[in-house]
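Got the viewer open and a cursor ready? Let's take a walk through this one, stop by stop.

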Amino acid sequence: MGVSEHHHRPTLKQQNKAFKSKHATKSSLRDAAKGRVARQSPKAVSTSNTSAQARLNRKNNAKQQQLKKRTALVSATRIFNGVDGAPRIVAVIPLSEDISPQAIVSSLAESVDVSTETCGDNGLWKLKADRFKTSLQFISVPYRHIYAALDACKVADYVVFALSTKVEVDTWGDTLLRTLQAQGLPDVVTVVSPDASIDAKTRPGVLKSLVSFMQYFVPTQLRVFDLHSSSDRLNALRALSEGKPADVRWRDGRSWVLAESLEWSDGTLAVTGVVRGSSLSANRLIHIPNYGDFQVSKIMSAPLPRHHRASMEVEPTLLAEPDTSSADSLVSTNVPDDMANEQTWPTEEEMNETGDGNHGSMLPDANAGTTPKVVKRIPKGMSEYQAAWIVDESDDEGENGDENEDGSDRDMEEADEEPEEMVDMPMEEDTEMDIESRRSVAFQDLDNEEESNSMLESWRSRQREEENDLTFPDELDTPQDIPARTRFQRFRGMRSFRTSPWDPFENLPRDYARIFQFEDYKRTERNVRRRAEQEVAVAEPGVRVTVFIKGAPQDAVSTGSPLAIFSLLQHEHKVSVLNFTVQRNTEYDGSVRSKDPLILCVGGKGANNVHKFERYLRHGVTAVATIYGPVVFGKQPCVLLRESEDAQAPHLVAMGSFLNPDTTRVTAKRVILTGHPFKVHKKTATVRYMFFNHDDIHYFKPIQLHTKLGRTGHIRESLGTHGYFKAHFDGPISQMDTVCMSLYKRVYPKWAVLWREASKSGVEKTSDAMAIEA
């Protein structure tokens with residue numbers, strides 16, 4: 001037996017801390033290298049040269065970046081420099097009733113000692129600021145003109161919001177700020193109207209609260225300029241005159257002209273102004289807000305006249321003319337050819353019947369409401385509506401038989417007069433029901449109290465309907481008076497809403513034959529923008545031109561407000577199916593249903609592709625609105641407005657952006673039929689209240705059932721004649737569960753119409769917005 005050695009416990013072994021030297025010795029480094037020899041790279045340089053070179057590279061890169069930024073700033077502001085430089089467009093928008101735009105412009109002009117006698121509250125006024133070597137063009141927008149404010153901000157380089165020190169911003173101003181925020185704002189300058197009634201101690205607190213208010217809508221606002229102070233007036237004008245205006249994303253690649261003068265002659269509108277944005281091509285269409293799209297006949301230069309004696313007048317020259325081979329046409333929709341559809345060839349029996357000559361006796365009876373017209377003799381010049389109220393003599397014999405004796409004298413007098421010329425007019429034959437309904441017309445005259453009560457009741461019923469749809473989405477009671485197979489004959493069942501196939505070209509409406517479809521929308525957009533950059537006969541930005549527009553209406557000259565024209569990209573006049581992603585405004589509390597008419601303002605304009613139709617637009621949910629409208633390129637912002645009693649104070653319902661023009665996108669409306677499990681035995685249940693007759697059960701038998709607790713099943717057989725049926729599920733079903741059947745139907749948008757704004761003169765004018773069925 002061996003003798004075991006004695007060992008101490010490891011915890012009792014003391015290990016001293018190793019000595020740390022700041023400078024390692026040569027022997028320690030040699031031991032750590034273990035024989036390895038460090039080989040220096042031939043490309044390596046000395047340490048001193050490396051550090052010096054890195055420092056030079058950093059200085060050179062910083063200098064290049066600085067030069068690049070300076071060059072970009074100079075190139076961006078070049079169109080504003082020089083004698084013939086383009087003016088900076090400034091939109092002045094008051095947010096309170098006690099503010100005058102003319103007073104704001106006058107205060108800014110006083111800082112550079114310029115007279116403002118010709119400046120008005122509505123229109124254009126040009127200010128030449130020699131101190132800042134630039135010029136500004138002010139667009140004065142009157143208070144409570146929301147559509148004029150939206151159009152002015154589309155073309156402006158700067159927006160001046162005028163606040164009051166006494167009156168708070170009302171609901172209209174709040175809606176305007178939210179709408180402009182959704183549309184896209186350029187650089188914003190906030191000013192306070194000059195008011196000497198506020199003392200020096202209270203003024204800083206008021207300005208601080210106004211800054212906090214504006215930062216909610218425009219977070220980049222750091223200060224508010226007080227026009228009561230001379231230094232703030234000068235600083236506000238300096239903020240408008242110096243620097244580069246911020247770019248608005250949706251205006252990239254587009255050109256526009258703010259009209260300085262308008263002339264109309266022989267159906268041609270001449271618009272004079274400075275080209276802004278991108279190059280203006282004569283081959284592209286011109287959009288005039290409130291009037292539509294038109295073609296360009298030519299673009300002429302319009303240099304400013306020289307005031308020096310030695311300078312010679314520069315004659316206008318032709319800059320661009322449309323090319324007939326590449327110019328855009330005004331055709332926006334296709335003309336459907338009904339003869340191109342599938343034709344049914346007659347059978348041999350039908351042709352034999354026609355050949356026998358007995359086809360007249362084989363005609364079926366006419367359907368109700370399609371009876372042939374009767375011919376009625378009426379006086380010449382009378383309309384069909386007036387003739388409808390003439391009672392035939394045969395109908396009047398029974399009622400006026402007792403009055404024949406009293407009317408004999410009148411007949412003798414009428415016999416002496418000249419006979420009136422009569423003509424024959426075909427009229428719809430009246431049935432007994434139509435005659436009776438015409439005689440029993442009752443006009444309902446409600447007083448103000450009854451009318452308000454009826455409106456309140458309709459609002460309450462709609463609110464209850466929206467609450468029920470939120471609690472029981474898409475659930476619908478099966479009607480008892482109409483068979484379910486008739487009521488839901490256009491619906492279909494789907495095993496999986498996400499993966500079940502749905503042919504997007506099946507049973508399309510007639511409107512789909514009128515629209516255009518893109519094979520590849522992204523590729524088309526790239527080609528359109530590339531061709532726009534390669535255009536040769538164009539007017540460059542910053543050039544003062546006169547654009548001659550063919551077919552423009554004469555009313556465009558007398559609009560009363562500044563007019564701006566926009567150049568469209570190629571194909572943007574064509575109508576297609578447009579999809580917009582929208583999100584509801586958090587401040588709007590009204591009910592927004594899918595069939596409510598809304599005003600759409602766009603820009604300046606393994607799985608299947610099936611998406612569920614929503615009956616209501618709810619808070620916190622991003623939805624997709626589909627319409628028929630002109631094609632849009634780029635991420636254009638959109639705003640959905642609802643008209644109110646005040647035409648200039650609409651409600652902001654939702655805002656969003658353009659998604660795509662997908663014609664194959666299927667929007668399916670879902671209907672859920674529910675039933676109650678009357679008797680339950682493990683996986684089998686007897687269901688009632690889903691159908692009310694035997695034939696409906698056999699019609700919907702192939703469609704899959706599901707319950708709210710997650711069970712799926714099918715109809716086994718019908719029980720009796722009152723709509724009871726037996727169903728089998730994939731698991732035990734509860735008595736408290738609800739049996740559901742989902743049916744789907746594809747829905748389509750309605751054709752959008754150009755929205756018309758009622759002017760002050762009572763005449764309606766069209767706008768670039770469209771009334772849609774969301």
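**First stop: a serine and its company**

Select Ser255 and show what surrounds it: setting aside neighbours within four places in sequence, Ser255 is in contact with Arg276, Ser278, Ser279, Leu280, Ile565, Phe566 and Ser567 (contact means heavy atoms within 4.5 Å). Ser255 belongs to strand 7; helices (H or I, at least four residues) and strands (E, at least two) are DSSP runs, numbered from the N terminus. Ser255 counts as buried, at 4% relative accessibility. Here buried means under 20% relative accessible area, exposed over 50%, and partly exposed in between, with a 1.4 Å probe and protein chains only.

A word on what you are looking at: this is a predicted model, where local features need pLDDT of at least 70, side-chain atom pairs count only at pLDDT 80 or more, and totals for chains, interfaces and linings use all residues. Residues are numbered from 1 along each chain as its sequence is written, and side-chain values use heavy atoms, with hydrogens and water left out.

**Two helices to compare**

Now pick residues 26–33, which make up helix 1; its count of buried residues is 0 among 8, so helix 1 is hardly covered. Step just past helix 1 to Lys34, which has a positive phi of about 55 degrees.

Then select residues 146–155. Why is helix 4 described as largely enclosed by the rest of the structure? Because 8 of its 10 residues are buried. To colour them, choose Ile146, Tyr147, Ala149, Leu150, Ala152, Cys153, Lys154 and Val155.

**Into the core**

Which residues have the most contacts inside the largest nonpolar core? Try Ile93, Phe161 and Leu176, in a core of 44 residues. Helix 4 supplies the largest share of this core, 7 residues. (A nonpolar core is a set of buried Ala, Val, Leu, Ile, Met, Phe, Trp, Tyr and Cys residues joined through side-chain atoms within 4.5 Å.) Another core lies apart from it, with 26 residues, among them Leu108, Phe138, Val191 and Ala236.

Zoom in on Phe161. Beyond its neighbours within four places in sequence, the contacts of Phe161 include Ile93, Leu95, Leu177, Leu180 and Met214.

**An arginine in a loop**

Next, find Arg223 in the loop between helix 6 (203–217) and strand 6 (225–226). Arg223 counts as partly exposed, at 38% relative accessibility. Not counting residues up to four places away in sequence, Arg223 touches Thr190, Val211, Asp232 and Asn235. With one of these, Asp232, the Arg223 side chain makes a side-chain polar contact at 3.0 Å. That term covers a pair of N or O atoms within 3.5 Å; within protein, one must be able to donate a hydrogen and the other to accept it, and residues adjacent in sequence count only if both atoms are side-chain atoms.

**Salt bridges**

How many salt bridges does the structure hold? There are 24, each a side-chain nitrogen of Lys or Arg within 4 Å of a carboxyl oxygen of Asp or Glu.

- Select Glu260 and Arg544, whose side chains meet in a salt bridge (2.9 Å, N to O). This pair links distant parts of the chain, 284 residues apart: Glu260 is in the loop between strand 7 (255–258) and strand 8 (261–265), and Arg544 is in strand 18 (residues 544–550).
- Move to Lys708 and Glu475, where the closest N and O atoms of the salt bridge are 2.8 Å apart. Salt bridges that share partners also join Arg144, Asp170 and Asp646 into one network.
- Within that network, Asp646 and Arg144 meet through their side chains at 2.9 Å, N to O.

**Last stop: the rings**

The structure holds 18 aromatic pairs. Rings of Phe, Tyr and Trp (its six-membered ring) pair if their centres lie within 6.5 Å; planes under 30 degrees apart count as stacked, over 60 as edge-to-face and the rest as tilted. Show Tyr521 and Phe633: their centres are 5.7 Å apart and their planes at 10 degrees, so the pair is stacked. Both Tyr521 and Phe633 are buried.

For an edge-to-face pair, go to Tyr699 and Phe700, at 4.9 Å centre to centre with 80 degrees between the planes. Tyr699 is partly exposed at 43%, while Phe700 is buried at 2%.

Finish with Arg492, which lies over the face of Trp502 at 4.1 Å from the ring centre. A charge sits over a ring if NZ of Lys or CZ of Arg is within 6 Å of the ring centre and within 35 degrees of the ring normal.
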